[in-house]
Amino acid sequence: MKKKIGIYIHIPFCVKKCLYCDFASFPLGASGKMDAYIQALLREMKEYEVVLKEYEADTVFLGGGTPSLLSGKQMQTIFDGLGSVISIRDDAEISMEMNPGTIQKERLLAYKEAGINRVSVGLQSANDEELKRLGRIHNYEQFLENFHLLRECGFENINVDLMSGLPYQNMEIFRKTLGKVVDLKPEHLSVYSLIVEEGTPFYQSYGTKEGEMLLPGEELDRQMYAFTKSYLEEQGYGRYEISNYAKEGCECRHNLKYWQLEEYLGFGLAAASLFCKERYVNVATLDEYINDTFRKEQREVTSVSEKDEMEEFMFLGLRMMKGVSRKGFAQHFGIQVEEVYGDIIKKYTETGFLQSGDFISLTEKGIDVSNVIMSEFLL
């Protein structure tokens, strides 16, 4: 029986880089290098042809950037290349990110023909003023048109990305955004708090003490988070990870691989992998990646020690609402979790931040300070 693996494919091009974005992405018009980039992707995939004979892909995820800038022909070329080096299961979850304003019917039908069966749409806000502040290229009306077009083209598994904690945002604005999106009945929602990253235009505006005053405070941000959980649960969305909610059976299987420390391979610029007890990160310079001389040896490679694995098993597992499986830990490492983390588990269970049974998980109280608690599981 072949081993299962997740595949990530990075498409770094976008129409315009959003003001808060620190991902490896570039405006497509500034490069005109999409076809050359796709050929580099195919070359990288080919390097794994021998080792991947032992595997089959049960999840594929195209992220960006803006993968919905790909033409139907370009998408098919990518999947033809991927299919030549690894078999893709008939029941595989095959996701791609799309940005409103770049979604076209002809392309959608071609994506579906290529195998895409799950779509993640980056709305971020239903308020046009907030979208302008974020540097998005679309308005809410364009998102609505695109969402209905996705349904018309037969996509039955749609995620919508939203952000809280935006500049000048208040609870009323956030409630309206959440309500408008829920009315559309997507299968999945991802709701993240804004992080102001260094090196972005947003950091110049909101990374200073004066700029921070324009952002919702910590208390309001927690209120938004609490409202999101209660409201979405009332609407039939189960929270299965700190920032992710889904209708039953519609959890993102690819992202679960990350949180459950399963193997995945990343192809493309700056793509990360966890494969054969090693972590890889590809080069982050576009010309260097496209260049014919790019090889696996150019990546940043880190061996994953048992200590690293234990830390990640706990750190990532605690992001999920069901938490860390005691049985799973014992099967993976050959020892009971208390032998390594007993004191920490006892400390946070007694203070009400963790609950402990067959699974060890964060309580609602613990989620509010999750980063502090998770950091204690670093050995």
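Leucine 261 is buried, at a relative accessible area of 12%, where buried means under 20% relative accessible area, exposed over 50% and partly exposed in between, with a 1.4 Å probe and protein chains only. Its phi is near 60°, a positive value in a residue other than glycine. Leucine 261 belongs to the loop between helix 10 (253–259) and strand 11; helices (H or I, at least four residues) and strands (E, at least two) are DSSP runs, numbered from the N terminus.

The model is predicted: local features need pLDDT of at least 70, side-chain atom pairs count only at pLDDT 80 or more, and totals for chains, interfaces and linings use all residues. Residues are numbered from 1 along each chain as its sequence is written, and side-chain values use heavy atoms, with hydrogens and water left out.

A second residue with this kind of backbone angle is lysine 185, which is not a glycine and has a positive phi of about 60°. Lysine 185 is placed in the loop between helix 6 and strand 8 (188–193). Its relative accessibility is 57%, so lysine 185 counts as exposed, whereas leucine 261 is buried.

The loop of leucine 261 leads to strand 11, and strand 11 (residues 264–267) runs parallel to strand 1, joined to it by four bridges. Two strands are taken to pair if DSSP finds at least two bridges between them. Strand 1 also pairs with strand 4 (residues 55–64), in the parallel sense and over nine bridges. Isoleucine 7 can serve as a reference point for both pairings: valine 60 stands opposite isoleucine 7 in strand 4, and leucine 265 is the bridge partner of isoleucine 7 in strand 11. Why is strand 1 described as largely enclosed by the rest of the structure? Seven of the nine residues of strand 1 (residues 3–11) are buried, and therefore the strand is largely enclosed.

Beyond strand 4, a cis peptide bond joins glycine 64 and glycine 65, with omega about 15°. Glycine 65 is in the loop between strand 4 and helix 2 (72–83).

Strand 8 contains serine 190. At 4% relative accessibility, serine 190 counts as buried. Leaving aside neighbours within four places in sequence, serine 190 is in contact with Asn159, Val160, Asp161, Leu162, Ser243 and Asn244; contact means heavy atoms within 4.5 Å. Serine 190 and serine 120 are 70 residues apart in sequence, and their C-alpha atoms are 9.2 Å apart in space.

Helix packing comes next. Two packed helices are described by the angle between their axes and the distance between the axes. The axes of helix 6 (residues 171–183) and helix 9 (residues 218–234) come within 11 Å and cross at roughly 25°. That makes helix 6 roughly parallel to helix 9. Axes are lines fitted to C-alpha atoms, for helices over the stretch in contact, and angles run from 0 to 180 degrees between N-to-C directions; those under 35 degrees count as roughly parallel, over 145 as roughly antiparallel, 65 to 115 as roughly perpendicular and the rest as oblique. From helix 6, the contact is made by Met171, Phe174, Arg175, Leu178, Gly179 and Val182, and from helix 9 by Leu220, Gln223, Met224, Phe227, Thr228, Tyr231 and Leu232. By class, the contact has nine nonpolar, three polar and one charged residues. Here Ala, Val, Leu, Ile, Met, Phe, Trp, Tyr, Cys and Pro count as nonpolar, Asp, Glu, Lys and Arg as charged, and the others, Gly among them, as polar.

Helix 12 (residues 306–317) and helix 13 (residues 326–333) have axes that come within 12 Å and cross at roughly 165°. That makes helix 12 roughly antiparallel to helix 13. In this contact, Glu306, Glu309, Met310, Phe313 and Met314 of helix 12 meet Gly328, Phe329, His332 and Phe333 of helix 13. The residues divide into five nonpolar, two polar and two charged.

Isoleucine 335 lies in the loop between helix 13 and helix 14 (338–350). With a relative accessible area of 25%, isoleucine 335 is partly exposed. Not counting residues up to four places away in sequence, isoleucine 335 touches Met310, Phe329, Ala330 and Val340.

An open sheet of three strands, in the order 15-17-16, has antiparallel pairing. Strand 15 (324–325) and strand 16 (354–356) are the edge strands, each pairing on one side only. Two bridges pair strand 15 with strand 17 (residues 359–362) in the antiparallel sense, and valine 324 stands opposite isoleucine 360 in strand 17.
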